[in-house]
Amino acid sequence: MRGRDGRVPVVRDVASLRQVVKAWRAAGETVGLVPTMGGLHDGHLALARQAKEECSRAVATIFVNPKQFDRKEDLESYPRDEARDLSLLAGAGCDLVFAPEVGEMYPAGFVSTVSVSELTEVLDGLHRPGHFDGVTTVVCKLLLQALPDRAYFGEKDFQQLTIVTRMVRDLEIPVTIRPVDTVREADGLAMASRNQLLTATQRQLAPLFAEVLMETAEELAGGAAEAAPALTRARLRLGRGGFTKVDYVELRAAADLAPLSRADRPARVLGAAWLGSTRLIDNVPVPERG
């Protein structure tokens, strides 16, 4: 469905999106969906490439969702460059981009919210009130608007991935949620749109975040060690390493984010920390020992 100039086609209303997807389905094709807010990097493109590998057609969305921002300044400073994003998505093999305006997603009189309890009340949910209700509401809408066979989410936002997976299961939305490994810079920093907001000095400090999480996960591997001392050391090390504030570093069960005192089941070390006015999140799996 590429234009003659090689650009990826863009639709901005739900009716047009559904019309295209309906035609693909009539031809027996499968559809993969990659929800994004733009500000794309190689992590997003990994999602798009996997969608294209596993499905006949890949649809990406670009929508800076105001309902998931708990701070107005974060919404205003979020990186936006649609022309660049479209070029990157074309290179990754996307067949269509859905880029609606706010009024298309939330028309006048819109009052509904999709909320997933318990999973949204821990970790980032404690520090960003209302954030995950905004995420689940927009993702639910996108899934119902596009009706894909599969939807792709990065493990870098592991709590979000877990919440979306639970929402899809609980609401019986007919889509398979496909996790994709975190993509990292050469120095280990997890790729994120917010990384563009780091100063040069902060960018030099930022790789310590992943380093500390990985070393903590290694220390807790096998489930023999108590988590609390290791997590305390991790938080202190980040503070000493120049991070202005550490929201959390915690050990959680990979399946349901339950708090763990030991990694005696599949687990993740998850963290959130600030460098100046930029908040970074990351997580790593705890290695399992035989």
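Which residue is the bridge partner of Phe153 in β6? Select Phe153 and look across to β6: the partner is Pro179. Keep in mind throughout the tour that this is a predicted model.

**Stop 1: two parallel strands**

Now select residues 150-154, strand β5, together with residues 176-180, strand β6. The two run parallel and are joined by 5 bridges. Add helix α8, residues 158-171, and you have a right-handed β-α-β unit made of β5, α8 and β6.

**Stop 2: a salt bridge from β6**

Stay with β6 and show the side chain of Arg178, then that of Glu54: they meet in a salt bridge at 2.5 Å, N to O. Arg178 belongs to strand β6 and Glu54 to helix α2 (residues 42-54), so this pair ties together parts that are 124 residues apart in sequence. Arg178 has 25% relative accessibility and counts as partly exposed; Glu54, at 27%, is partly exposed too.

**Stop 3: a salt-bridge network**

Next, select Glu29, Lys52, Arg57 and Asp95, which are linked in a network of salt bridges. Within this group, the side chains of Asp95 and Arg57 meet at 3.4 Å, N to O. Are these two buried or exposed? Both Asp95 and Arg57 are buried.

**Stop 4: the antiparallel sheet**

Finally, select β7, β8 and β9, an open sheet of 3 strands in that order, with antiparallel pairing. Its edge strands are β7 (245-253) and β9 (278-285). Between β7 and β8 (residues 267-275) there are 8 bridges, and Lys245 stands opposite Trp274 in β8. Then show helix α10, residues 207-219: it lies across β7, β8 and β9, running at about 30° to β9.

Conventions. Residues numbered from 1 in each chain as written. Predicted model: local features only at pLDDT ≥ 70, side-chain atom pairs only at ≥ 80, totals over all residues. Heavy atoms only, no water. Pairing = 2+ DSSP bridges. Helix = DSSP H or I, 4+ residues; strand = E, 2+ residues; numbered from the N terminus. Right-handed = clockwise from strand over helix to strand, strands pointing away. Contact = heavy atoms within 4.5 Å. Axes fitted to C-alpha atoms, helices over the stretch in contact; angles between N-to-C directions. Salt bridge = Lys/Arg side-chain N within 4 Å of Asp/Glu carboxyl O. Buried < 20%, exposed > 50% of the residue type's maximum accessible area, 1.4 Å probe, protein only.
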